[in-house]
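Q: Please give me a close look at one part of this model: the buried interior and what packs around it. I would like to follow it residue by residue.
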Amino acid sequence: MLLRGGAFSACNAAISENRSTFGFSNSIRRQNGNGFVLYNYSGRARRAQLFRVLAVATGEAKTKQQESSHEPTLADRLRLGSLAEDGLSYKESFIVRCYEVGINKTATVETIANLLQEVGCNHAQSVGFSTDGFATTLTMRKLHLIWVTARMHIEIYKYPAWSDVLEIETWCQSEGRIGTRRDWILKDYATSEVIGRATSKWVMMNQDTRRLQKVTDDVRDEYLIYCPKTPRLAFPEENNASLKKIAKLDDRVQYSKLGLVPRRNDLDMNQHVNNVTYIGWVLESMPQEIINTHELQTITLDYRRECQQDDVVDSLTSPEFVDDAILELEGTNGSATAAKDENECLQFLHLLRLSDGPEINRGRTEWRKKPAKR
């Protein structure tokens with residue numbers, strides 16, 4: 001179902017008039033601050049309601065088969081997530097599990113990245129996109145097209161601990177003619193404090209030829225009806241860190257981890273190494289003294305080529321020049337420190353490449369001093 005011209009206005013009006021009738025509400029409610037109450041209006045059920053409103057706005061009726069496909073599944077009923085009232089974003093809450101925390105007793109950056117991917121996929125599923133191939137539309141499936149990550153930028157202001165509850169909101173929108181973008185806001189569920197933000201860019205690839213392809217109008221029309229009508233950015237600030245280009249490292253790197261090999265469970269449903277795996281590989285070449293005293297605040301990754309199961313990967317890292325202050329080695333113990341102020345964030349450049357030379361991924365990380373133990 002495609003909406004054009006005045007149909008958008010009619011749709012919005014119909015949603016507004018029928019919101020109380022269709023009972024749009026969050027599926028997660030606080031209960032005396034001690035737990036959750038799940039309501040029957042899951043993402044899929046709300047999507048079914050939304051489709052009925054869209055049908056009113058456009059005069060398009062849904063078939064019985066289409067209506068039945070929107071009935072909530074068991075996963076929908078148990079999942080702590082739902083579409084927003086306007087249907088243009090999705091929120092889901094997650095409890096941090098014991099196996100998702102690291103040496104700092106807080107969630108790892110890989111955990112955060114996996115949750116971002118999970119809530120993005122659940123958002124796509126809640127509006128009817130396929131779970132086979134990460135949120136592909138009907139036209140994409142017909143043409144054997146898939147989404148692949150071009151860039152990921154994550155900023156974490158406070159890491160959640162074991163048993164903390166996160167609320168993650170996500171939405172997507174068009175990004176030029178060759179891709180789309182997805183943004184996220186992470187909050188502490190108990191306090192509503194924003195503890196992180198993220199944004200990403202995605203491009204279309206032909207699953208058979210593995211070549212990139214422009215987003216066609218048909219595909220764009222299929223997903224734009226679920227996107228904000230005016231730009232909404234997780235990072236609205238001018239010249240924010242998510243926009244910075246990443247310089248390529250030369251061969252004079254200071255730290256390296258060579259011979260990394262993908263495991264079988266590093267491959268995703270699109271038959272290439274999952275984008276979260278690259279984060280772990282980047283961190284493998286970080287000096288241990290930085291890991292001991294600092295925590296990751298920001299990570300930006302530019303994905304430049306696929307990595308397959310039989311590839312061998314080298315992870316390279318060097319301190320970055322920052323505003324004429326050089327991250328240099330201090331003393332003889334090899335510890336990296338900022339030249340201006342030891343309390344400043346440390347910045348590093350990263351390169352993942354195949355052992356025989358081709359570049360896979362460029363990255364930049366920023367590290368802040370670990371907070372005092374509570």
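A: Let's start with the vocabulary: helices are DSSP runs of H or I with at least four residues, strands are DSSP runs of E with at least two, and both are numbered from the N terminus. With that in hand, His144 can be placed in the loop between α6 and β5. Please keep in mind that this is a predicted model, in which local features need pLDDT of at least 70 and side-chain atom pairs count only at pLDDT 80 or more, while totals for chains, interfaces and linings use all residues. Residues are numbered from 1 along each chain as its sequence is written, and side-chain values use heavy atoms, with hydrogens and water left out.

His144 is not a glycine, yet its phi is positive, at about 60 degrees. Most residues other than glycine have a negative phi. With a relative accessible area of 39%, His144 is partly exposed (buried means under 20% relative accessible area, exposed over 50% and partly exposed in between, with a 1.4 Å probe and protein chains only).

Step into strand β5, residues 145–156, and you find Ile146. Its relative accessibility is 1%, so Ile146 counts as buried. Met205 is 59 residues away from Ile146 in sequence, but their C-alpha atoms are 5.4 Å apart in space.

Now for the core itself. A nonpolar core is a set of buried Ala, Val, Leu, Ile, Met, Phe, Trp, Tyr and Cys residues joined through side-chain atoms within 4.5 Å. The largest one here has 60 residues, and Ile154, Ile168 and Tyr278 have the most contacts inside it. Helix α5, residues 109–126, supplies the largest share of this core, 7 residues. A separate core of 5 residues includes Ile246, Leu249, Leu349 and Leu351. As background, nonpolar side chains tend to be buried together in soluble globular proteins.

Contact means heavy atoms within 4.5 Å. Setting aside neighbours within four places in sequence, Ile154 is in contact with residues including Ile112, Ala113 and Leu116, as well as Ala198 and Ile299.

Helix α5 also packs against helix α8, residues 275–284, at an angle of about 165 degrees, with the axes 9 Å apart. Axes are lines fitted to C-alpha atoms, for helices over the stretch in contact, and angles run from 0 to 180 degrees between N-to-C directions. The two helices, α5 and α8, are therefore roughly antiparallel (angles over 145 degrees count as roughly antiparallel, under 35 as roughly parallel, 65 to 115 as roughly perpendicular and the rest as oblique). On the α5 side the contact is made by Val109, Glu110, Ala113, Asn114 and Gln117, and on the α8 side by Asn275, Val276, Ile279, Gly280 and Leu283.

Another buried residue to look at is Arg182, in strand β7. At 11% relative accessibility, Arg182 counts as buried. Its C-alpha atom is 5.7 Å from that of Trp171, 11 residues away along the chain. Not counting residues up to four places away in sequence, Arg182 touches, among others, Gly120, His123, Trp171, Cys172 and Trp202.

Helix α7, residues 217–224, has Val219, Arg220, Asp221, Glu222 and Tyr223 as its buried residues. Their cover includes α6, β5, β6, β7 and β8.
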